[in-house]
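Reader: I should like to learn how to read strands, loops and buried positions from a set of coordinates. May we work through an example together?

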Amino acid sequence: MDTTRVDKFLWAIRVFKTRTDATDACKGGKVEVNGAEVKPSREVKAGDMINVRKGAVHYTYKVLAPLEKRQGAKEVSKYAENLTPESELAKLQAPVETFFIKRDRGMGRPTKKDRRQMDELYSSFFVGEEEDDA
């Protein structure tokens with residue numbers, strides 16, 4: 001076998017959990033082969049460079065040998081080389097900032113006074129942002 005479909009290849013090397021996810025990523029413009037956006041049916045061969053955008057991270061793979069059947073995680077290195085830079089992988093470790101106020105169970109909905117206190121607390125954290133006057 002000299003070539004295989006890009007969606008099937010990405011699924012086989014475990015970049016995507018399902019073949020449908022791989023197909024949807026190709027259709028959504030998140031997959032490039034040798035610098036050009038591709039359709040799911042695009043054939044890839046040994047030596048092709050595949051760029052995949054998943055969230056904020058851009059993964060880069062080099063095709064070593066095409067395959068059509070899903071492989072175990074230990075076998076993937078025989079078929080694709082992960083060339084993703086460390087700077088991209090560091091994005092996975094970035095902390096996600098969330099803000100959540102916990103209310104005890106059984107407290108019910110916040111009163112107007114509680115709501116004003118929460119709004120005052122929120123505005124103290126987000127000082128630089130404009131508030132909408134509705």
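**Reading strands, loops and contacts**

Author: This is a predicted model. Let us begin with a loop residue: N34 is found in the loop between β2 and β3 (36-37).

Reader: What is the phi of N34, and is N34 a glycine?

Author: Let me give the general idea before the case. Most residues other than glycine have a negative phi. N34, although not a glycine, has a positive phi of about 55°. With a relative accessible area of 44%, N34 is classed as partly exposed, because that value falls between the cut-offs of 20% and 50%.

Reader: Which other residue that is not a glycine has a positive phi?

Author: R14 is such a residue, with a positive phi of about 70°. R14 lies in the loop between α1 (6-12) and α2 (19-27). Its relative accessible area is 41%, so R14 too is partly exposed.

Reader: Where does Q71 lie, and with which residues is Q71 in contact beyond its neighbours within four places in sequence?

Author: Such contacts show which parts of the chain meet in space. Q71 lies in the loop between β6 and β7. Leaving aside neighbours within four places in sequence, Q71 is in contact with A12, R14 and Y79. The R14 just discussed, in the loop between α1 and α2, is therefore one of the residues that Q71 contacts. In addition, a polar atom of the Q71 side chain lies 3.1 Å from the backbone oxygen of K69.

Reader: Let us turn to strands. In which sense do β5 and β6 pair, and over how many bridges?

Author: To read a pairing, one notes the direction of the strands and then the residues that stand opposite each other. Strand β5 (residues 49-54) pairs with β6 in the antiparallel sense, over six bridges. Two residue pairs help to locate this pairing: V52 stands opposite Y59 in β6, and the bridge partner of M49 in β6 is K62.

Reader: How many residues lie between the strands of this hairpin, and which residue there takes a positive phi?

Author: The hairpin of β5 and β6 has two residues between the strands, and G55 takes a positive phi near 70°.

Reader: Which other strands pair with β5 and with β6?

Author: Strand β2 (residues 31-33) pairs with β5 in the antiparallel sense over three bridges. There, V31 has V52 of β5 as its bridge partner; V52 also stands opposite Y59 in β6. On β6, three bridges lead to strand β7 (residues 80-82), and these two strands run antiparallel. In that pairing, V63 stands opposite A80 in β7.

Reader: Is strand β6 largely enclosed or open?

Author: One counts the buried residues along the strand. In β6 (residues 57-63), five of the seven residues are buried, so the strand is largely enclosed by the rest of the structure.

Reader: Is E88 buried or exposed, and which residues does E88 touch?

Author: E88 is found in helix α3 (residues 86-89). Its relative accessibility is 15%, so E88 counts as buried, the cut-off being under 20%. Not counting residues up to four places away in sequence, E88 touches A56, V57 and H58.

Reader: Where is P85 found, and how far apart are P85 and Y59?

Author: Here one compares separation in sequence with distance in space. P85 is found in the loop between β7 and α3. P85 and Y59 are 26 residues apart in sequence, and their C-alpha atoms are 8.0 Å apart in space. P85 has a relative accessible area of 39% and is therefore partly exposed.

Key. Residues are numbered from 1 along each chain as its sequence is written. This is a predicted model: local features need pLDDT of at least 70, side-chain atom pairs count only at pLDDT 80 or more; totals for chains, interfaces and linings use all residues. Side-chain values use heavy atoms; hydrogens and water are left out. Buried means under 20% relative accessible area, exposed over 50%, partly exposed in between (1.4 Å probe, protein chains only). Two strands pair if DSSP finds at least two bridges between them. A polar contact is a pair of N or O atoms within 3.5 Å; within protein, one must be able to donate a hydrogen and the other to accept it, and residues adjacent in sequence count only if both atoms are side-chain atoms. Contact means heavy atoms within 4.5 Å.
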